[in-house]
Amino acid sequence: MAAELDKAKVKEAVKARKRVTYTPVVPDEQWGFVHNNVDCIGCRACEIACKDKNGLPPGPRFRRVQYVEGGSFPEVFAYKVNMSCNHCAEPACLPTCPTGAIFKRADNGVVDIDSTLCIGCRRCEASCPFGAPQYNPETKTVVKCNMCIDELEAGRKPYCVMACMMRVLDVGPIEKIREGSYETKAIGPNDKVVRRVRNMADWQLTNPSIAFVPHSKAIIE
Amino acid sequence: MKQDLQNRVRSAVTLDRRSFLKASAAGAAAGLVPMPGFEEKAEAFAYEPYPRDDDLVTVPTSCAHNCGSRHMLVAHKKGDVIVRLSTDDGRYQKDGEFGKDTEEEPQLRACLRGRSYRSRLYSPERLLYPMKRVGRRGESKFKRISWEQALTEISERMVYLKTKYGPQALVDQSYAGASYGVLHKSDQIEGLLGRFLGMFGCRTSSWSVPSYQGTTFSSRMTFGTIEDGNEDDAFAHSKLIIMWGWNPAYTFHGGNTFYYMRLAKQRGCKFVLIDPQYTDSASAYDAWWIPIRPNTDAAMMAGMAHYIFTNNLHDQDFIDKFTQGVDEGTMPDWAKGKENWKDYILGKYDDTPKTPEWAEKICGVKADDIKKLAHMYATTKPAALKASWSPGRNAYGEQYNRMAAGLQSITGNIGILGGCAEGVGKGWHSEAVAYPYDQFANVWFASIKSDRWAHIVLNYPNVKREEVGLWPRNDQLDGVVPNIRGIFWQGSDWFNQLTNINKEIEAIRKLESQGDSESLLVCMDSTITPTGIWADYLLPVATHFERHDVALPWYKGHYYIHRPKVIEPMGESKTDFQIFTELAYRLGFGPQYNPRATREYFLNNDPVDEAYLVAWWDKMSHHSHVDVTWEEFKNLGVYKFKQEQPHVAFRDQIEKGVPFQTASGKIEILSGQLANITDWTKTQYGYEIPYIPKWIEPWESLNSPKTKDHPFHMISPHPRWRTHSIFNNIPWLRETYEQEVTVNASDAKKLGIKTGDMCEIWNDRGKVVVPAYVTERCMPGVLVLHEGAWMDLDENGVDRSGNPDFLTLDNPSPAGAFAYNTVLANIKKSDLDHRPVWDKLATARSHVFRRDM
């Protein structure tokens, strides 16, 4: 696909890009995901729903259910950490993009990528601490989760959320999720959410818009 | 033509957006704003041009593979191509709206396999044309032939074999892989194939069900029915759920069982898992994990019963009122002098009290833990002991299920909300049959234990009836062992899925050595399966996206899902009903086989299928008080029944005193039927089965001397990323998990095995090669290898895919249970080849995303 790029357009974009100093967009209301690490059965229906929705070949996986296990037989434990793009408040990928293909939406803070501008340089892939932007070997461009913006705009929720058999994954205004004022089945009646669990990068790097119901072994003091 | 299809498939599967729009030209762009230019980029959708769901045609349908559940799929299509699939979001039911998801009418959200259907529908392994074998059997060489040639040759061979070898020559190995709808049904016992072969007058049926025959036997003997299950919403009301060998995070039994159990957890329910593995169910429900040696479950249960009896924790009122043969007081008059269960447990007959300490030596669970669990179970009300099927897939597996029924009875947890009598566990009774159903529904001239066909072929005529579990008859065919000359596989990958595959291969070779014309192997499927590779003819069956039907849950769940013809059948595929109808016309019984159809049916089945479905709907909706019409149902997509209270098996028996469906009207812990059998060789079981639940030493286990050569016990549970063997070829799913052997960390250390190392696993029956997953989550001495990998032999007969059924034994338990989990084996590091699937490029990325901290 890269061969079909309009080079003049890209050139112009690079020029435009260089004149801008990066200040993160502050959206009207930042949206983000919430995942219950404990109640998740790890079925990966969300991953497959996402692959189907986005027409991805084997390789890139926008949503990744990570399996964590520990302890020694027979005192063992296991939980899941489920992440796609965290649509960070200060996305590390965005300033690395030489063409400005990556942008943050002003209304809901979704970090999106304009595939017609992507030249496949993969800088964003290297910069993301969570592995969200991924290279699609078929299109030779980087692709990433856009929170199913088309579904959000139609008044629905992303495919991964609507796929969740256990109702442990949800999306919404991240501040409300963190305060506990957002109605969602992902958070049980006795659950509290946290910004960060073990097995993920420090949230202070990019201020990711995600919350977790953590496993007791995953809580970081 | 071919190029055309490839393009169509490629654009459907990978959805290349730019070429998609180009191909579909101006019509597609209606409603979409063309890309205005980068300066306005923040306004544009990143993937423009992109067909949004609302620009596509929405068609609600369902999944259709052979699992214990059934969920909605919603196809979003453009022209005749499905662009993507979503699932139930609350909009497709009566009074539905987006997001509606109540405890009473929950959404029916599809699992990862269901979500991958598009990739299966358009897969390179899709069978599109009738094919005929040109090489040796199993050599994978076929040529395309016409339907005319295929059906002519098959029907001629059928007549020849029936005339020469008699009415038992053809084995029905239909299974639920192709169809589970009310109209198109591939089914082991009485599906479309069974009726077809029965009417033709040549059928050997396979009576034992691979998944749960031990449990079926137990449920029938104990309760007189296999409908001993609660609906899934009942689980939300338990205070204690004991998951015995049950992994609802992998095996979806009921549309929302796993979710209702989450609700139970939120309401304070405690969970226990008895299993050699710490499964994802254990972690999600925060269960107390009790690791147990495989195939010793009945011993542990006996130990629990001993504790309950000796500590007087049993519910004597319940026992007196509802059971037969639990103790001396509940023995029927005719059974004086027979053993009762309590005295067996206390050791009165054999001087061996089945104490927790006695059980500990067998099952490896500490006596204190057995006591603690027994105490919890007997004192928590209501408590659900869910005795799953897999511990029953063992030598004497039926004893485990019978023993569980004993525990469920003496604690009074039957027929109450939050309790559990499962068992088979079939819940709500659906009306499952829209196809013609008459006296030919299940006609057979011999009926065998399903995994004994190869044994018969190899040893014919020196085979005793008890070896193969011949079902008794009242005519001259009673006890006549069939001279098997052919197999029909309809929606069935049994060659890959039954036990001891090497023996099956030998049997095929023997048939082959007697000349091509003397046998017939036909495989009907939508996919070229490993079984198909061994067939003489491959017949392409239209998938459920390509025919009209209604889907129903068969196990738990109370709903019907409309399944319209979403797209036209691909290639030259036909529905299985069309194929059998046309074959029946050639064999002279077409109008009887499909009474609503003419011979036109092979070319156009739509009006006839509609007529069958309308007739079914009218009958069903009258019985079940459905409040929408057929036309409304078709517009909606799904009909969910609302129940006043969760369906609980045997509620009426307990609350209203309705008799149980056994001869005595009681829960038969002492089975009257079994107690009165005198000549076991004349029964379908062949060998004696105790009339009360007992512990019987299996022929292989970690306690047996055979561990000297084969020190590991291998179990082969269901994987999550396949349904048996279905979906093994799907790249999206292959990416999420790997076929691998689970090894305990301390065992692995001794053997020098690390995660990802290639290993060979072998015993006297076969050898497979597969990578290792080393973990603390599996008990020492146990290997876990998931069933259903597509066999892939190297030149020395070693299976490169890691299919456990090269190691399993084709010796079923007396009651018919497949002994899938009664296997000793050995393991070592290996430099032999492993191939994750038929193509060499396949690699799972699961290891990247998982495991230790």
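A salt bridge is here a side-chain nitrogen of Lys or Arg lying within 4 Å of a carboxyl oxygen of Asp or Glu, and in this predicted model a search over all chains finds 67 of them.

**View 1. The salt bridge between B:Lys503 and B:Asp810, and the interface of domain 2 and domain 4 of chain B**. The side chains of B:Lys503 and B:Asp810 meet with an N to O distance of 2.8 Å, and across the interface of domain 2 of chain B and domain 4 of chain B there are two salt bridges. Polar contact links 15 residue pairs between these two domains, both residues of a pair being at pLDDT 80 or more. On the side of domain 2 of chain B that touches domain 4 of chain B, helix 18 (494–497) and helix 19 (501–513) each supply at least two residues, and helix 19 of chain B makes the largest contribution, with four residues. By class, that side has eight nonpolar, 10 polar and five charged residues. In the domain assignment, domain 2 of chain B comprises 131–206 + 433–550 + 569–640, while domain 4 covers 705–849. Their C-alpha centres lie 30 Å apart, 23 residues of domain 2 of chain B are in contact with 26 residues of domain 4 of chain B, and the two bury about 1900 Å² between them, 55% of it on carbon and sulfur atoms.

**View 2. The interface of chain A and chain B**. Here 82 residues of chain A are in contact with 77 residues of chain B, and about 6600 Å² is buried between the two chains, with 54% of that area on carbon and sulfur atoms. Between chain A and chain B there are 10 salt bridges, including the one in which the side chains of A:Lys80 and B:Asp280 meet at 3.0 Å, N to O; the count of residue pairs in polar contact, both at pLDDT 80 or more, is 32. The elements that give two or more residues to the side of chain A that touches chain B include helix 1 (7–18), helix 2, strand 2 (64–72) and strand 3 (75–83) of chain A, and strand 2 gives the most, with nine residues. That side of chain A has 39 nonpolar, 17 polar and 26 charged residues.

**View 3. Helix 2 of chain A and the salt bridge of A:Lys51 with B:Glu735**. Because 10 of the 10 residues of helix 2 (residues 45–54) of chain A are buried, this helix is largely enclosed by the rest of the structure. A:Lys51, at a relative accessible area of 2%, is buried, and B:Glu735, at 3%, likewise counts as buried; the closest N and O atoms of their salt bridge are 2.7 Å apart. A:Lys51 belongs to helix 2 of chain A and B:Glu735 to the loop between helix 26 (731–734) and strand 22 (741–744) of chain B, so the pair joins two chains. Helix 2 of chain A is followed by A:Gly55, whose phi is positive, near 60°.

**View 4. Two salt bridges within helices of chain B**. In helix 20 (residues 576–587) of chain B, B:Glu582 and B:Arg586 are four residues apart and thus separated by about one helical turn, and their closest N and O atoms are 3.0 Å apart. B:Glu582 is buried at 7% relative accessible area, whereas B:Arg586 is partly exposed at 26%. In helix 24 (residues 651–656) of chain B, B:Arg651 and B:Glu655 are also four residues apart, with a closest N and O distance of 3.8 Å in their salt bridge; B:Arg651 counts as buried at 11%, and B:Glu655 is exposed at 54%.

Methods: Residues numbered from 1 in each chain as written. Chains lettered and ligands numbered in written order. Predicted model: local features only at pLDDT ≥ 70, side-chain atom pairs only at ≥ 80, totals over all residues. Heavy atoms only, no water. Buried < 20%, exposed > 50% of the residue type's maximum accessible area, 1.4 Å probe, protein only. Contact = heavy atoms within 4.5 Å. Buried area = accessible area lost by both parts, 1.4 Å probe. Polar contact = N/O pair within 3.5 Å; in protein donor to acceptor, adjacent residues only side chain to side chain. Nonpolar A, V, L, I, M, F, W, Y, C, P; charged D, E, K, R; others polar. Domains from an automatic or database assignment.
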